[in-house]
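This report describes the architecture of one protein chain, from selected residues and helices to its internal space. The sequence and model are shown first.

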Amino acid sequence: MRGVRLGTVMASSFRQMSNCTDVNGTYLYNVSTCFPQNLATENAPTTDVELLQTALNSVFISISGYLVFLMQTGFAMLTAGSVRTKNTKNVLIKNFLDACVGAMAWYFFGYAFAFGDKSNEFIGYGNFAMSGLSTSDFHSWFFQWAFAATAATIVSGSVAERTSFYAYLGYAFFLTAFVYPVVVHWAWSTVGWFSTSFGEGSTYLDFAGSGVVHMVGGFAGLVGAIIVGPRLGRFDAEGKVVPMPGHSATLCTLGTFILWFGWYGFNPGSTLGAVSSAISESDLSDFPTLASGELIGPNLTNTFQRAIVTTTLAGAAAGVTTLIAVKFRDHIFDLISCLNGTLAGLVAVTASCAWIEPWAAIVIGIIGAIVYMVAAWLLLKLKIDDPLEAFPIHGACGLWGVLAVGVFVREEYLIEAGYSAKNAGFLYGSGGKQLGIQIACALGIMVWVTTLIGLFFMIFKLAGLLRISAEEELLGNDVSKHGGSAYPEDALANAEIEAQKELDAFRADNFGQDESIAMKDVEV
C-alpha cells in the first residue's frame, strides 16, 4: 500500500476478526477452530497472538475515536465563548447537530464515497448505508465518522451569528456526505488519485489530516464567510474593524483544553493500531537497514508514541510564540490569541506528526503560529469576518502542515508507520519531489472545496435562505429562533437591579431629607 493509513482500508496485518461461531451458532474461543475452512480468509487471525493483536488494535482505534468525538465538546465550548451571549444557544445547537446530521450523512453516503469496496480514482461507490460492511469494520466506520464531523464543525465558526439555520443544516450534510468523503478517497484510499498519480513509491502524505480534514473545513469556512458577508457592525463606514469580543474567555479556555486533549486521539490514533504484526524471515529483505545495521520495519508502538510527543511540542511552541508576538504588537498578554495560536500549532503538525523529529515539531509549531497571525490580519484587511478565526487556524495552518511534510519527514519513520512511500522531506536528501506532490494535492483540495461549497452557498443566497434578517441578527438568534436567552437569569444584573430598588426605596422614605445625607448613610 502506498501512502494510505493502514487499517483505514483494513490492510492484511490489521484485518479485523469476524464473529467466531460454529455451525450451531455457538461461540468458540480456540483460534484454530474460530475460522473454519468455509469462513477462513488470508486476513483472519490464525494464532492466539494474532487474535490478541487484533483485539488490542481494535480497542486502540475505538478509544481514539472516542477522544476525537470528545473534540465536539471542545468545539462547542470554544464557539460558545467566542460569540456574544445573544447567539450562545444558536451555536451550541449547531455544533450538536454536526454530530447528528454528520452521522446520518456518513451512514448513507459519506463512508461509501470515501472507503466503498467499489471505487475508482475519483470516488468510492460501495457500502452505502453500511450495506455489505463487515461488523469487524464498524470501529473503523466510527473512527472515520468522528473525523468527518470535525471537518463540518470547523465551518460553523466562520459563519457564526448571522447564518440561517437551514443553510447550516444543508451545508453540514453536504460537506459530510460528499465534499469531505471525496477528498478522503483521494488521499486515504489505495486507489485514490493522490495515491496513484505520482509514480511507484510516491504519494501524497497526510498522516492525520492537516489537508484532508482541516484544509477542507477551513477553506469551506472561508468561502462561507465571504459569501454570507460580515456581521452587522463588524466594520464601520470607513472600513475599520469594530471589536466584537466573545462573551466568555472561560468557555474559550475550557474548549481549547478539551480540543488539545482530543488531539491525542486525532493524531496518535491515526496510527490505526498499537501493535505491529510479526514479520516473517522471508519478508526481512523488503525493509532497509541503517548504517548501524539496525533493521527498519513497521513499529506502530514507536509511531504513536512519536505522534504524542510531536503533537504536544507543536501546540505548546505555537502558543508561546503567539503570546510573545502579540505582547510585542499590542502590549498585552492576550489569552484568546494564545489559545488560537496553540490550536494553529496542533493543526500544523497533524499531517506529519508520526514522521518527524521532536525539534521539527517545535519549528512547525512556531511557523504555524506566524501563519495564523498573518492570515488573521489579512482577513481583517480584506474585510472578511471570521468570528472564530477558523480559516487562519484550520485553512492556512492546515496548508502549512501539508507543505511541512515535504520538508521535515524522515523515510525510516514512514516505514515504521507502515507506509511504503519512499520520499522523505528535502532536509533529508530526497530533493523537492515530495514537496511538489504536497503542493499539487493541496491545490486540488482547495479547488474542489471552494468550488463546491461556493456553489452551495451561492444557491442558498440566491434563494434568500443563506442569512437571517437584520432584525433577527440585532435581536440575536437565541431569542428569535430558540425560545429565549441561554442566560435567562444574569446574577450580577439582577443584583444591581435589586440594589437600585433598595436605594430608591431608601430615598423615598426620607421625605425631603437632603440626598447627600441619605447617600452618606448608604455608604456607611
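In which helix is the place of K433? K433 belongs to helix α14, which covers residues 433-462. The model discussed here is predicted.

## K433 and its surroundings

K433 has a relative accessible area of 45% and is therefore partly exposed. Leaving out residues up to four places away in sequence, K433 touches F198, S202 and N423. A further relation links K433 to T203: the two are 230 residues apart in sequence, yet their C-alpha atoms lie 10.0 Å apart in space.

## Overall architecture

The protein chain contains 18 helices and zero strands. Of its 524 residues, 53% are buried. Among contacts in the protein chain with a separation of 6 or more, 75% join residues 24 or more positions apart.

The surface that the protein chain exposes amounts to about 22300 Å². Carbon and sulfur atoms supply 65% of that area.

## Helix α7

Helix α7 runs over residues 210-228. Its 19 residues, at 1.5 Å a residue, should span 27 Å, and the end C-alpha atoms are 25 Å apart, so the expected and modelled lengths agree. Is α7 mostly covered or mostly uncovered? The helix is mostly covered, with 18 of its 19 residues buried. Just after α7 comes G229, which takes a positive phi of about 90°.

## Helix α11

Helix α11 comprises the 24 residues 358-381. At 1.5 Å a residue it should span 34 Å; the end C-alpha atoms are 35 Å apart, and the two values therefore agree. The buried residues in α11 include A360, A361, I364, G365, G368, A369, Y372, M373, A375, A376 and L379. An α-helix has 3.6 residues a turn, so residues three or four places apart point the same way. Which helices help to cover the buried residues of α11? The cover includes α7, α9 (300-330), α10 (335-349) and α12.

Two other residues of α11 are partly exposed. V371, which lies in this helix, has a relative accessible area of 22% and is for that reason classed as partly exposed, since buried means under 20%. Apart from neighbours within four places in sequence, V371 is in contact with A396, C397 and W400. V371 and A396 are 25 residues apart in sequence, and their C-alpha atoms are 6.7 Å apart. W359, also in α11, is partly exposed with a relative accessible area of 45%. Its contacts, again leaving aside neighbours within four places, are with F408, L427 and Y428. The C-alpha atoms of W359 and A314 are separated by 9.1 Å, and these residues are 45 positions apart along the chain.

## Positive phi values outside glycine

A129 is not a glycine, although its phi is positive at about 50°. This residue is found in the loop between α3 (88-115) and α4. The relative accessible area of A129 is 27%, which means that the residue is partly exposed.

E389, likewise a residue other than glycine, has a positive phi near 55°. Where does E389 lie? E389 is placed in the loop between α11 and α12, and its relative accessible area of 22% makes it partly exposed. K383, which follows α11, also has a positive phi, near 60°.

## Internal space

Rolling a probe the size of a water molecule over the atoms shows where empty space is left. How many cavities of 30 Å³ or more does the count give? The count comes to one. About 100 Å³ of space lies in the largest cavity. Its lining consists of 14 residues, and those closest to the centre are F75, L78, L388, A390 and H394.

Four helices each supply at least two residues of this lining: α2 (48-82), α4 (138-158), α8 (249-266) and α12 (390-408). The largest share, four residues, comes from α4. By character, the lining divides into nine nonpolar residues, five polar residues and no charged residues.

Notes. Residues numbered from 1 in each chain as written. Predicted model: local features only at pLDDT ≥ 70, side-chain atom pairs only at ≥ 80, totals over all residues. Heavy atoms only, no water. 1 Å grid on protein atoms, 1.4 Å probe; cavity = no way out; pocket = protein on both sides within 12 Å on 5 of 7 lines; lining within 4 Å. Points joined across faces, edges and corners; volume = space filled by probe spheres on them. Nonpolar A, V, L, I, M, F, W, Y, C, P; charged D, E, K, R; others polar. Buried < 20%, exposed > 50% of the residue type's maximum accessible area, 1.4 Å probe, protein only. Contact = heavy atoms within 4.5 Å. Areas by Shrake-Rupley, 256 points an atom, 1.4 Å probe, with all protein chains shown as cover. Expected span 1.5 Å × (residues − 1).
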